Amino acid sequence: MKHTRINAATMGQMNRNMIFKLIQKTPSITRREISKLTGLDPSTVTRITTKLMDEGFVKEEGEKVTNQPGRKGISLFPIKDAAVSIVIKIGIENTIFGLGYLDKTLEIIEEIPTIRQSDMFLTVCVEKLNDILNKYSKDKNIIGISFSIPGIVEPNEGKIITAPHLNWNDVKLKSTIEENIERKDLFIIMTNEARLSLLSEIFFNRLVKNLQSIVYIFISQGVGGALYLNGKIYEGATNSSGEIGHMTISETGALCHCGNRGCWETFVSIDSVVTSYELSNNSLSGSNYKEKYANLLKRTEQNDINAKKILNIMVHNLAIGISNVVNIINPHAIVIGGIGEKIPENYIDQLQVEVQHSSLAFAGKQIKIMKAKIDIDRACLYGCTITAMEKFTDIVTI
Ligand SMILES: [Zn+2]
């Protein structure tokens, strides 16, 4: 008897979480559509959505006209302010603080330079978090803190195992924040930046939303990656999957941040591309690599032959790595993101042709290579919001 009760409660919780996530993912969805998508009977859907409205998480707004005549339904939406997460993108050059809302909107609060010394960074981070909590706790239902990390994390212990470009190793992010912030009731989560960006694309980009396998290539000062296989993020045995930037392309090549030589990222990261342009040409204006890379792209538009040559080499080197990935994973799509989403469309077309040419015919002929829809900073921060709201949905017990 006891077992039956536990199972019924668990089932109720699972149904509630499934419906709540569906409303968050598909705003304007109707009860009838929920019932159809989940297989739950309409009375269960009505009971759960009524409860979610009573709890203040969901609202009804307007009638949705469907393509079936006479089948109007009331649209359901998540309520923006019902849950708010502090979202933080730790970047190699800058760190951005913002708020992410239940309806997946974002508000950016502040951007500061990332302090290279991890202890000092954490001290400043705690100060900023306490400022944000003091300012917003009264009016907003802050539920947690969600970090985007430029490296490999151990999510259960809340540690950054390594962030090679910052030279951070074994940084106890979660416990340090937990001990020093003024509110102790918040969850703290952290996720690799490429995975967060991939989650954002799956959430917001119609072109990839329904694909079952996607490889996201996060081009920045390094090259990260994230794998979405059979409808799920693939984490790997020790949560470090997707580090495609460190596949060896030339074992006698340049020294990489990871300690090996000739990793793919030493050929295609934006700092390597900017540096190779500057070595053979004039220096590019800009105070950081992101700005210099933007200027390099501008020069290709202005028909600077050397800039075009450098970008062609970048595309060729991208094609070598992507062909390896296509042969091994056989994904439906490759999404070029991070700062890579700034690459002009004609170079992406060229990349598509090169990859199709150099990968195995059967895998290569169907591959779609596309740019990410969301820019690097927002992709990470939206991803932080998505993971925070998933966590929030899962931990609220009914
Ligand atoms: Zn490497």
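**Group meeting: a walk from Y101 through the sheet**

Okay, let's start with one residue: Y101 sits in strand β4. Before I go on, keep in mind that this is a predicted model. So, is Y101 buried or exposed? Y101 counts as buried, because it has 21 C-beta neighbours inside 10 Å, and the cut-off for that label is 20 or more. Leaving aside residues up to four places away in sequence, Y101 touches K80, D81 and V84. If you want a longer-range reference point, take I233: Y101 and I233 are 132 residues apart in sequence, and their C-alpha atoms are 23 Å apart in space.

Now zoom out to the strand itself. β4 covers residues 94-101, and six of its eight residues are buried, so the strand is largely enclosed by the rest of the structure.

What does β4 pair with? On one hand there's β3, residues 84-90, which pairs with β4 in the antiparallel sense over seven bridges. If you'd like a register marker to click on, I86 has L99 of β4 as its bridge partner. The connection from β3 to β4 is a hairpin through three residues.

Then there's β5, residues 106-113. Seven bridges join β4 to β5, and these two run antiparallel as well. Here the marker is G100, whose bridge partner in β5 is L106. β4 and β5 also form a hairpin, this one with four residues between the strands. Have a look at K104 in that turn: its phi is positive, about 65°.

Let's put those strands into the whole sheet. Which order do the strands take? It goes β5-β4-β3-β6-β10, an open sheet of five strands with mixed pairing. The edges are β5 and β10, the latter being residues 187-192, and each of them pairs on one side only. On average, neighbouring strands of this sheet are turned by 20° against each other, ignoring direction.

Next, what packs on it. Helix α6, residues 193-204, packs on the sheet and touches β6 and β10. Its direction makes about 90° with that of β10. α5 lies across β6 and β10 too, but runs at about 155° to β10.

The helix I'd spend a minute on is α4, residues 118-136. With 19 residues, α4 reaches 26 Å from first C-alpha to last, close to the 27 Å expected at 1.5 Å a residue. Which of its residues are buried? They are S118, F121, C125, L129 and I132. Those five cover an arc of only 70° around the axis, which puts them on the same side of α4. Turned away from that buried side is a face with the exposed residues D119, M120, E127 and N134. And what does the buried side see? The buried residues pack against β3, β4, β5, β6 (142-149), β9 (168-171) and α5 (173-180).

That list includes β9, and β9 is where you'll find W168. W168 is buried, as 21 other C-beta atoms lie within 10 Å. Again skipping residues up to four places away in sequence, W168 touches S118, G151, I160, T162 and A163. S118, remember, is one of the buried residues of α4. As for D119, on the exposed face of α4, W168 and D119 are 49 residues apart in sequence but 9.9 Å apart in space, C-alpha to C-alpha.

Last stop, the bigger layout. The chain is divided into domain 1 (2-78), domain 2 (82-196 + 378-395) and domain 3 (206-372). Taken over C-alpha atoms, the centres of domain 1 and domain 3 are 40 Å apart.

One more helix to look at while we're here: α10, residues 305-329. It has 25 residues and spans 35 Å from its first C-alpha to its last, close to the expected 36 Å. Its buried residues include A307, I310, L311, M314 and V315, and further along L318, A319 and G321 are among them too. Just after α10, N330 takes a positive phi of about 55°.

To wrap up where we began: Y101 is buried, and it belongs to β4, a strand that has antiparallel pairing with β3 and with β5. That's my tour, thanks.

Conventions:
Residues numbered from 1 in each chain as written. Predicted model: local features only at pLDDT ≥ 70, side-chain atom pairs only at ≥ 80, totals over all residues. Buried ≥ 20, exposed ≤ 12 C-beta atoms within 10 Å, placed from the backbone. Pairing = 2+ DSSP bridges. Domains from an automatic or database assignment. Expected span 1.5 Å × (residues − 1). Arc of directions from axis to C-beta. Contact = placed C-beta atoms within 7 Å. Axes fitted to C-alpha atoms, helices over the stretch in contact; angles between N-to-C directions.
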